[in-house]
Amino acid sequence: MNIQINKDIPLLEFQHVVKSYSSAHIVLNDMNFKLERGKIIGLLGPNGSGKTTIIKLINGLLVPNKGNILINGTAPGVESKSVISYLPERTYLNEWMRVS
């Protein structure tokens, strides 16, 4: 797969993104931002502020309840997953699971 890079559009864009796990647990509420190419960005914030949720949304591991996420102008999908990775701090697999 070959992703075409368009230097005129942001590398990453969140448009009115809402992510909640219940009506009482809204993690991201109408989040908007653009990340331009050629910059290094860090996510800083206290525990529970939505940093990991943002990363999982970018990777397509979660989907927003509302709004759009655009990577190079398109929604997260097969092409973006070919160039974006996520390595969690801890495994989500059971201890008994083995690679065959």
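How many bridges join S1 to S3, and in which sense do these strands run? Five bridges join the two strands, which are antiparallel. The tour below returns to this pairing after a view of the whole chain. The model is a predicted one.

**The whole chain**

Begin with the complete chain in cartoon view. Two helices and three strands make up its secondary structure, and from the N terminus the order of elements is β-β-α-β-α. Along the principal axes, the C-alpha atoms occupy a box of roughly 50 × 40 × 25 Å. Switching to a surface view shows an accessible area of about 7,800 Å², with 54% of this area belonging to carbon and sulfur atoms. Of the 100 residues in the chain, 20% are buried. Among contacts with a separation of 6 or more, 60% are between residues 24 or more positions apart.

**Strands S1 and S2**

Select residues 12-22, which form strand S1, and residues 25-35, which form strand S2. The two strands pair in the antiparallel sense over seven bridges, and a hairpin of two residues joins S1 to S2. At serine 22, the residue standing opposite in S2 is histidine 25.

Move next to serine 20, also in S1. Its partner across the pairing is isoleucine 26 in S2. Is serine 20 buried or exposed? Serine 20 counts as buried because its relative accessible area is 18%, and the limit for a buried residue is under 20%. Leaving out residues up to four places away in sequence, serine 20 touches His25, Ile26, Val27 and Asn65.

**Two residues with positive phi**

Stay with these strands and select histidine 16, which lies in S1. Its phi is near 50 degrees, a positive value in a residue that is not glycine. Most residues other than glycine have a negative phi. Histidine 16 is partly exposed, at 47% relative accessibility.

Aspartate 30, in strand S2, also has a positive phi, of about 60 degrees, and is not a glycine. With a relative accessible area of 41%, aspartate 30 is partly exposed.

**Strand S3 and its pairing with S1**

Now add strand S3, residues 66-71, to the selection. Here are the five bridges to S1 with which the tour opened. Within this pairing, phenylalanine 14 stands opposite isoleucine 69 of S3.

Which residues are in contact with isoleucine 69, apart from its neighbours within four places in sequence? They are Leu12, Glu13, Phe14, Val17, Leu57, Pro64, Thr74, Ala75 and Pro76.

**The nonpolar core**

Show side chains for Leu12, Phe14, Val17, Val27, Leu28, Ile54, Leu57, Ile58, Ile69 and Ile71; these ten residues form the largest nonpolar core. Two or more residues come from each of S1, S2, helix H1 and strand S3. In soluble globular proteins, nonpolar side chains tend to be buried together.

**Helix H1**

Select H1, residues 51-59. Its buried residues are Thr53, Ile54, Leu57, Ile58 and Asn59, and they pack against S1, S2, S3 and H2. An α-helix has 3.6 residues a turn, so residues three or four places apart point the same way. Continue one step beyond the helix to glycine 60, which follows H1 and has a positive phi near 80 degrees.

**The segment after H2**

Finally, select helix H2, residues 78-81, and move on to the segment after it, where tryptophan 96 is found. Is tryptophan 96 buried or exposed? Tryptophan 96 is exposed because its relative accessible area is 63%, and the limit for an exposed residue is over 50%. Together with Leu93 and Met97, Trp96 forms a nonpolar patch on the surface, and the three have about 380 Å² of accessible area together.

Arginine 90 also belongs to the segment after H2. At 57% relative accessibility, arginine 90 is exposed. As a last step, draw a distance between the C-alpha atoms of arginine 90 and glutamate 13: the separation is 27 Å, for residues 77 apart along the chain.

Methods: Residues are numbered from 1 along each chain as its sequence is written. This is a predicted model: local features need pLDDT of at least 70, side-chain atom pairs count only at pLDDT 80 or more; totals for chains, interfaces and linings use all residues. Side-chain values use heavy atoms; hydrogens and water are left out. Two strands pair if DSSP finds at least two bridges between them. Helices (H or I, at least four residues) and strands (E, at least two) are DSSP runs, numbered from the N terminus. A nonpolar core is a set of buried Ala, Val, Leu, Ile, Met, Phe, Trp, Tyr and Cys residues joined through side-chain atoms within 4.5 Å. Buried means under 20% relative accessible area, exposed over 50%, partly exposed in between (1.4 Å probe, protein chains only). Contact means heavy atoms within 4.5 Å. Patches are made of residues with over 30% relative accessible area and no salt bridge: like charges are joined within 9 Å, nonpolar side chains (Val, Leu, Ile, Met, Phe, Trp, Tyr) within 5 Å. Accessible areas come from the Shrake-Rupley method with a 1.4 Å probe; for residues, only the protein chains shown count as cover. A salt bridge is a side-chain nitrogen of Lys or Arg within 4 Å of a carboxyl oxygen of Asp or Glu.
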